[in-house]
Amino acid sequence: MRNVFGKVVSFALPPRCAGCGQVVSGDLLLCASCWQSLDFLTGPGCQSCGAPVAPNVAVCAPCLERAPDHDGVIAVATYGDLARKIVLKLKHGRRIGLARLIARLLAGRMPDEPGLMMPVPAHRWRIFRRGFNQSALIAAHLAKSSGLPLRLDVLARTRSTPLLRGANARERDRLVRGAFSVAPQFRSQLAGKTVFLVDDVYTSGATANACARALKRSGARKVVVLCWARVLLDRAAN
């Protein structure tokens, strides 16, 4: 009966592309056109932050000017039209199943390294309004697929920050400085560990750097950012 019911549902409500809505062969897939339109980030990047660089460049210009507090970014794709659409569907369209799609694509890029999985925390009032933290949903799926321990309570957002959309890099850094902390009772869990910090989009790095500073002050050895998409340097706020 379960198989029959499943077939009826699949016929009446066929799975659709997470990007454009076209019928596809399975749940949480992208059609060929949407897949080809994503600008996937592959291959080596900047040794400091992971940003795409020319083949003969080891460290990007912004990192030469000021090295990030984190230890690199692993992103699935650049932040373009389709990547943005998927993030908006997840965050504001309540398509929480897309967190599993993002995690599945991220899992193949994760280094084979022990560590702790943590999301960038959202302030409690934002979670109350939205109903969830999209970064925590992605982190939970990644932790399950990788076998790494998930820690949702170690890193906390101690104050609400305004939306960073439209702010330049310096303003973003000021707005999030001191907004994250680790309670003393969790420091023993961080000592000497690698933290995989999960977010949806990496823009200027201000939030990731603020989180990394808090984690490293509390004993973390390394903080690697995992995200769905990153804004390219020439598209980021200056």
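Biologist: At what angle do α4 and α5 pack, and how far apart are their axes?

Modeller: The two helices pack at about 135°, and their axes are 9 Å apart.

Biologist: What makes α4 oblique to α5?

Modeller: Angles under 35 degrees count as roughly parallel, over 145 as roughly antiparallel, 65 to 115 as roughly perpendicular, and the rest as oblique. An angle of about 135° is in none of the named ranges, so α4 is oblique to α5. Axes here are lines fitted to C-alpha atoms, for helices over the stretch in contact, and angles run from 0 to 180 degrees between N-to-C directions.

Biologist: What kind of model is this, and how are residues numbered?

Modeller: This is a predicted model, in which local features need pLDDT of at least 70 and side-chain atom pairs count only at pLDDT 80 or more, while totals for chains, interfaces and linings use all residues. Residues are numbered from 1 along each chain as its sequence is written, and side-chain values use heavy atoms, with hydrogens and water left out.

Biologist: Which residues of α4 and α5 meet?

Modeller: Ile-86, Lys-89 and Leu-90 in α4 meet Leu-98, Ala-99 and Ile-102 in α5. Contact means heavy atoms within 4.5 Å. Helices (H or I, at least four residues) and strands (E, at least two) are DSSP runs, numbered from the N terminus.

Biologist: How do α5 and α7 pack?

Modeller: They pack at about 50°, with their axes 8 Å apart. By the ranges already given, that makes α5 oblique to α7 as well. The crossing of α5 past α7 is right-handed; that word applies if the near helix is turned clockwise from the far one by less than a right angle, and left-handed if anticlockwise. Residues of α5 including Ala-103, Leu-106 and Ala-107 meet residues of α7, among them Ile-138, His-141 and Leu-142.

Biologist: In what order do the 4 strands of the open sheet stand?

Modeller: The order is β1-β6-β5-β2, and the pairing is parallel. β1 (73-78) and β2 (116-119) are at the edges because each has a single partner strand, which leaves one side without a neighbour in the sheet. Neighbouring strands are turned by 20° against each other on average, direction ignored.

Biologist: How do you know that β5 and β6 pair?

Modeller: Two strands pair if DSSP finds at least two bridges between them. 8 bridges join β5 (residues 194-202) to β6 (residues 222-230), so the criterion is met. Phe-196 stands opposite Val-224 in β6, and Val-195 stands opposite Val-223 there. β2 and β5 pair over 4 bridges, with Val-195 in β5 as the bridge partner of Leu-116.

Biologist: Why is β5 called mostly covered?

Modeller: 9 of its 9 residues are buried. Buried means under 20% relative accessible area, exposed over 50%, and partly exposed in between (1.4 Å probe, protein chains only).

Biologist: Which helices lie across β1 and β6?

Modeller: α4 (residues 81-91) lies across β1, β5 and β6, at about 100° to β6. α5 (residues 98-107) lies across β1 and β6, at about 120° to β6.

Biologist: What makes the largest group of 38 residues a nonpolar core?

Modeller: A nonpolar core is a set of buried Ala, Val, Leu, Ile, Met, Phe, Trp, Tyr and Cys residues joined through side-chain atoms within 4.5 Å. The largest has 38 residues, and those with the most contacts inside it include Leu-106, Ile-138 and Leu-142. α5 gives the most to this core, with 7 residues. Leu-142 touches residues including Ala-103, Leu-106, Met-117, Val-198 and Leu-226.

Biologist: Is Ser-48 buried or exposed?

Modeller: Ser-48 has a relative accessible area of 19%, which is under the 20% limit, so Ser-48 is buried. Ser-48 is in the loop between α2 (32-37) and α3 (61-65), in contact with residues including Val-59, Cys-63 and Asp-71.

Biologist: Is Arg-94 buried or exposed?

Modeller: Arg-94 has 51% relative accessibility, over the 50% limit, and therefore counts as exposed. Arg-94 lies in the loop between α4 and α5, and has a positive phi of about 60° although it is not a glycine.

Biologist: Why is Ala-140 called partly exposed?

Modeller: Its relative accessibility of 34% is between the two limits, so Ala-140 is partly exposed. Ala-140 is in α7 (residues 134-146).

Conventions: Lists of a residue's contacts leave out its neighbours within four places in sequence.
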